[in-house]
Amino acid sequence: MDIFGHNGKILRVDLSRRTIEEEQVPEILYRRYLGGGALSLYYLLKELKPKVDPLGPENLLIFAASAVTGTPALGFSRYTVAAKSPLTGGFGEAEAGGWWGPELKFAGFDAILIKGKAEKPVYLWIKDGKAELRDASHLWGQLAAETHAMIRKELGDDRIRIALIGPGGEKLVRFACISNELKHFNGRVGLGAVMGSKNLKAIAVRGEKKMPLFAPERARSVVKEVLETYKKNPGTMGELGTARAVMPLNAGGILPTRNFVSGSFEKAEAICGETMRDTILVNRGTCYACPIRCKREVKVDDPYKVDPLYGGPEYETIAALGSLCGIGDLKAIAMGNQICGAYGIDTISTGTTIAFAMECFGKGILTTKDTGGIKLEFGNAEAMLQMVEKIGKREGFGNLLAEGAKIAAEKIGKGAENYALHVKGQPLPMHEPRGKTGLGLAYALSPTGADHIEAPHDPMFASEAGLKSILPLGIIEPLSALDLSSRKVRLFSYLQHFYNMFNSIGLCIFTAVPFGPMPCNALVDYVNAATGWETSLWELMKVGERQSSMARIFNLREGFTEEDDHLPNRFFQSLEGGALEGKKIDPSEFKQAVKAYYQMMGWDERGIPLESKLAELELDWLKSERI
Ligand code: SF4
């Protein structure tokens, strides 16, 4: 049978045994799981025993592109890395854009499954259908940029794409990330630490193969139409990047400030996208086949040296290292971003964990005796930078914060737990749930812990104009961002299926509706033209729904219960300052909404998927895995 859009082949690597094997994947698996998050869950649930140590050799580390990654359409640049998370102890998944995912496909494989642990540091080199493990002893301890340059030099090709870890991953920082091209990150849930635990420093890929398309003309015409739509209305994403969100969020009173105490930051203008454009921005970066070019590249000469090599801070980084820590210094934030990139640690978790420590410091729970003399106060940019580096090196007090806010708070005691803002161990991203109730549900219910891209956010659907792009989902009436009725639960669950599908098909959220130019129907047309499947929006959404139930079962097997579907107490208390001053979430209304979500998902009152729901999702094989 001819295969279109993908290779139909994965690579299995056993680092303990130093074996590499190819495996054919039946077409039906691609259609049922698409790739990315859902395909990773398929292998994790089949092959990973529950309760293994996430940093032990048994953990299975998966790099998965999708059935259409690397085909020539904007947005299909993304790939997933998945494993059991060392940060949450549950399903760990993070996606990245850039060029690595498409290049893996060009090199002949759709995914890589890695188990075991190498005796000494290695990297994996895949070129045109062939793969080998190479010694990485000389790379161990090197920062990201040095590692990148050394591998390219060693292999003699500047077009090699490399996914790698920095010293943070080697030292098992629980929120270490994986980067490709130094600027694109599988940022969250600590997958860089899983890679480090396996003594795997990098995966370099290079290939010449182009993905065959079922109907190339039809695919080209869909892409042409989407590009024309984009040209007519490019918006500000290219010009300002994700940092364009700073000023509107601040005006709306929902810019996370000083560890989520407030939603309004007096120095917001100093750290916004417009200021970045006018001061330190030197270039706009992009991902495979994308004309939007939303990525930032910044340069600072004084008082810090920031190299565009590491890109530039995204909105999440600006808020995490900026307003959340009370810091209004864009150059310091750019420097913090670079240190995180060099050491390979997630900027969101780094900022959130430092903000947690700053609040503890302000309350006297921590003193300079604990922090090694550092005055860890809100607004102290130098202290933030010192702490970022110490986390990356696991040095001094940084060694404790490298465990993540949850574990650090448990070890500190003295009430520190009240200031560690996380869900399932994953520190909160930079969006305020008291102003977006559906986002609150996303944080509480995401299987990977607090996740800001579990679903698009509520304000977008509060007006007729905002709804227009998602009418094909059957959402036709506007709903207030603060509504928490069963109508909001329905909206959230549909949007969650939609974004899960994006994760599995490897599509960037900024290139398709509701943010980007690709409409729902064009997305379906394109997938059909690429694969020849004759699929529909309904079938693609079902993959998204399937993914949620699979992830739920993964977490149930690990001992998670409905008690873990919660929000930190801070969000049931009043916001201070700003446009939403005094706003808080009603705890019983929130609990009710979580229960309504279980029912809509076909889960019982404890959040366990019903047998009939599993049958409907073609997940009968998971019946006995329910706890
Ligand atoms: S919109 Fe931005 S993140 Fe998305 S593919 Fe384009 S450049 Fe990459």
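This is a dialogue about reading features of a predicted model, one at a time.

User: Let's start with the big picture. How many helices and strands are in the protein?

Analyst: The predicted model has 24 helices and 16 strands. Along its principal axes, the C-alpha trace spans about 65 × 60 × 50 Å.

User: How do I read the radius of gyration, and what is it for this protein?

Analyst: You set it against what a compact globule of that chain length would have. For 627 residues that would be near 25 Å, and the protein has 23 Å, so the two agree.

User: What share of the residues is buried, and what belongs to the surface?

Analyst: Buried here means under 20% relative accessible area. By that cut-off, 65% of the 627 residues are buried. The accessible surface comes to about 21,800 Å², and carbon and sulfur atoms own 50% of that.

User: And the contacts between residues at least 6 apart in sequence: what percentage join residues at least 24 apart?

Analyst: That would be 68% in this protein. Contact here is a matter of heavy atoms within 4.5 Å.

User: How many positive and negative side chains are there, and how far apart are the centres of the two sets?

Analyst: There are 76 of each sign, and the two centres lie 2 Å apart.

User: Now a single strand. Is strand 5 enclosed or open?

Analyst: The way to tell is to check its residues for burial. Strand 5 covers residues 91-96, and six of the six are buried, so the rest of the structure largely encloses it. Look at the directions too: F91, E93 and E95 point one way, G92, A94 and A96 point the other way, and all of them are buried. Notice that E93 and E95 are in that buried set.

User: What does strand 5 pair with?

Analyst: Its partner is strand 4, residues 79-84, with six bridges in the antiparallel sense. As one anchor for your eye, V81 has A94 in strand 5 as its bridge partner. The two strands make a hairpin with six residues between them, and there G89 takes a positive phi near 80°.

User: Which other hairpin could I compare, and how many residues sit between its strands?

Analyst: Try strand 7 and strand 8, a hairpin with two residues between the strands. Strand 7 is residues 122-127, strand 8 is residues 130-135, and six bridges join them in an antiparallel run. K127 stands opposite K130 of strand 8. In the turn, D128 has a positive phi of about 45°.

User: Which residues does L44 touch?

Analyst: First place the residue: L44 is in helix 2, residues 36-47. With a relative accessible area of 0%, L44 counts as buried. Setting aside residues up to four places away in sequence, L44 touches L60, I62, A82, A83, F91, F554 and R557. F91 takes you back to strand 5, while A82 and A83 fall within strand 4. For I62, which is 18 residues away along the chain, the C-alpha separation from L44 is 8.5 Å.

User: Is H566 buried, exposed or partly exposed?

Analyst: H566 has 28% relative accessibility, so it counts as partly exposed. You'll find H566 in the loop between helix 22 (537-557) and helix 23 (587-601). Beyond neighbours within four places in sequence, H566 contacts H422, V423, K424 and A444. H566 and L445 are 121 residues apart along the chain, yet their C-alpha atoms are separated by 7.6 Å.

User: Where should I look for cis peptide bonds?

Analyst: Check omega. The bond from D302 to P303 is cis, with omega near 5°, and P303 sits in the loop between strand 14 (295-298) and helix 11 (315-321). The bond from V513 to P514 is also cis, again with omega near 5°. P514 is in the loop between helix 20 (486-505) and helix 21 (520-531).

User: Last one: which residues other than glycine have a positive phi?

Analyst: Among them are K51, at about 70°, and R394, near 50°. K51 is in the loop between helix 2 and strand 3 (61-64), and R394 is in the loop between helix 15 (381-393) and helix 16 (397-401). For burial, K51 is exposed at 57% relative accessible area, whereas R394 is buried at 18%.

Methods. Residues numbered from 1 in each chain as written. Heavy atoms only, no water. Helix = DSSP H or I, 4+ residues; strand = E, 2+ residues; numbered from the N terminus. Rg over C-alpha atoms; globule rule 2.2 N^0.38 Å. Buried < 20%, exposed > 50% of the residue type's maximum accessible area, 1.4 Å probe, protein only. Areas by Shrake-Rupley, 256 points an atom, 1.4 Å probe, with all protein chains shown as cover. Lys, Arg positive; Asp, Glu negative; His and termini not counted. Charge placed at Lys NZ, Arg CZ, Asp CG, Glu CD. Pairing = 2+ DSSP bridges.
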